[in-house]
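Student: Please take one part of this model and look at it closely. Start at one end, work along it, and then show me what else the fold offers by way of comparison.

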Amino acid sequence: MATNPTREDDIVGTFGDVTMRVADVHSTMDGQWLNDNAASFALECLERAAAGDPDTSALLAASGGGAVALGEGALRSVRGGGCVAVQPGVVFLVVSADFDVSECVAADRMRGAGVLLLPVNNNRDSSRVGGTHWSLLAFDKATRTFYHMDSMGSLNYSAACCVARKFSSLLKLEETRSVVSVTTPLQKNGTDCGFHMLCMCHALLNLAGANDPPSISADQIEAALKKSATPQCAQAMRRLLQQLIFVTLGYRT
C-alpha cells in the first residue's frame, strides 16, 4: 500500500477479498458513478453484517448507524449463507466467460443459497468491467424465480435477462427462468444507480432474513423497496459507504 495514496491506482487498503484503490474511493464521491470494486466493498460489508459478523456490524454502527439512515432496523441474521450477495466481478465472469466457471466462483455455495443477489450493469464489452447503469437481479430458490429491480425503469432488463440465462445454467436449473420486473423507486439523477442497487441489496438481505427459510416474493420486494430504496436512501447509502471506507481503511478524500 502506498504511504500516502494519491494516484488513482494507489492502493488504499484491503477488506476481505476486496482491495480498494484511490479510484474506487473517488467513485463514491458526490456526482460520481459507483465502480465495480467499490460496489464489491459495500456488498462485502452488508453481507457480513447480515450473516451476523460482530466486527462488521460494529463498523456499520461506527459509520453512523446506516440501517437507521436507510429506513430499516438493523440487518437481520441470515442463517447458514441463506442469502448470498454475489460480487459484481463474479457476475461479470459468469456472464462473459466461454468456459465452465463453476470451480472459479463458488458455485456450490450459490446453489445452496435460498436467495441470490446479482448486481447487473449494462457493460457490453466482455474484455473489461464497466458499464453506465446498475440494477439488481435476485433469484429465489423456492420458486425458482428471477426478480429484476431497476431505478431507471426497464433500462437494464435485457442485461438482466442475459445474467438470468447464464446463472440458470450455473445453478443447474432445468430451463432458463423468466425475469419478473418489480416496481422500484426511480433515481433522480444520472449517477446514483449504484447506490440504489446497494439499497436494494440491503433491503433484500433484511427481507430474506425475516423469512425461514430465506425467501422473497414480488409483493414483499416492492413493499420493502418503497421504504428502503428511495432517492433519499440512495444518498444515505452514498454517505454510509464513504464513512465505511474511512472507518475501515482510514482513508478519506
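Tutor: At the start of helix 2, a side-chain oxygen of Asn35 comes to within 3.2 Å of the backbone nitrogen of Asn37. That fits the rule for a polar contact: a pair of N or O atoms within 3.5 Å, where within protein one must be able to donate a hydrogen and the other to accept it, and residues adjacent in sequence count only if both atoms are side-chain atoms. The model is predicted: local features need pLDDT of at least 70, side-chain atom pairs count only at pLDDT 80 or more, and totals for chains, interfaces and linings use all residues. Numbering runs from 1 along each chain as its sequence is written, and side-chain values use heavy atoms, with hydrogens and water left out.

Helix 2 covers residues 36–50. Helices (H or I, at least four residues) and strands (E, at least two) are DSSP runs, numbered from the N terminus. The expected span of a helix is 1.5 Å times one less than its number of residues. For the 15 residues of helix 2 that gives 21 Å, and the end C-alpha atoms are 21 Å apart, which agrees. Just after the helix, Gly52 has a positive phi of about 90 degrees.

Helix 2 is mostly covered, with 13 of its 15 residues buried. Buried means under 20% relative accessible area, exposed over 50%, and partly exposed in between (1.4 Å probe, protein chains only). Helix 2 also holds a salt bridge, between Arg48 and Glu44, with the closest N and O atoms 3.1 Å apart. A salt bridge puts a side-chain nitrogen of Lys or Arg within 4 Å of a carboxyl oxygen of Asp or Glu. Arg48 and Glu44 are 4 residues apart, about one turn of the helix. An α-helix has 3.6 residues a turn, so residues three or four places apart point the same way. Glu44 counts as buried at 13% relative accessibility. Arg48 is partly exposed at 30%.

The count by this rule comes to 7 salt bridges. Another joins the side chains of Arg111 and Asp108 (3.2 Å, N to O). This pair sits in helix 6 (residues 107–112), 3 residues apart, about one helical turn. Asp108 is exposed, at 62% relative accessible area. In helix 9, Glu222 and Lys226 meet at 4.0 Å, N to O. They are 4 residues apart, about one helical turn. Glu222 is partly exposed at 24%. Lys226 is exposed at 58%.

Helix 9 (residues 218–228) has two sides. Ile221, Ala224, Leu225 and Ser228 are buried. Seen down the helix axis, the buried residues fall within an arc of 100 degrees, so they line one face. The arc is taken over the directions from the helix axis to the C-beta atoms. The face turned away carries the exposed residues Asp219, Lys226 and Lys227. Strand 6 (145–149), strand 7, helix 8 and helix 10 (231–249) are among what covers the buried residues.

Asp192 lies in the loop between strand 7 (179–182) and helix 8 (193–210). Asp192 is buried, at 5% relative accessible area. Neighbours within four places in sequence aside, it is in contact (heavy atoms within 4.5 Å) with Gln187, Ala234, Gln235 and Arg238.

Now the strands. Strand 5 (residues 134–140) has 7 of its 7 residues buried, so it is largely enclosed by the rest of the structure. Trp134, Leu136, Ala138 and Asp140 point one way, Ser135, Leu137 and Phe139 the other, and all are buried. Two strands pair if DSSP finds at least two bridges between them. Strand 4 (residues 115–121) pairs with strand 5 in the antiparallel sense over 7 bridges. One of the bridge partners is Ser135 in strand 5, set against Val120. Strand 5 and strand 6 also run antiparallel, joined by 5 bridges. There, Leu137 has His148 in strand 6 as its bridge partner. The hairpin of strand 5 and strand 6 leaves 4 residues between the strands, and Arg144 takes a positive phi near 55 degrees.

Last, the whole protein. It has 10 helices and 7 strands. Of its 253 residues, 53% count as buried. Among contacts with a separation of 6 or more, 67% come from residues 24 or more positions apart.
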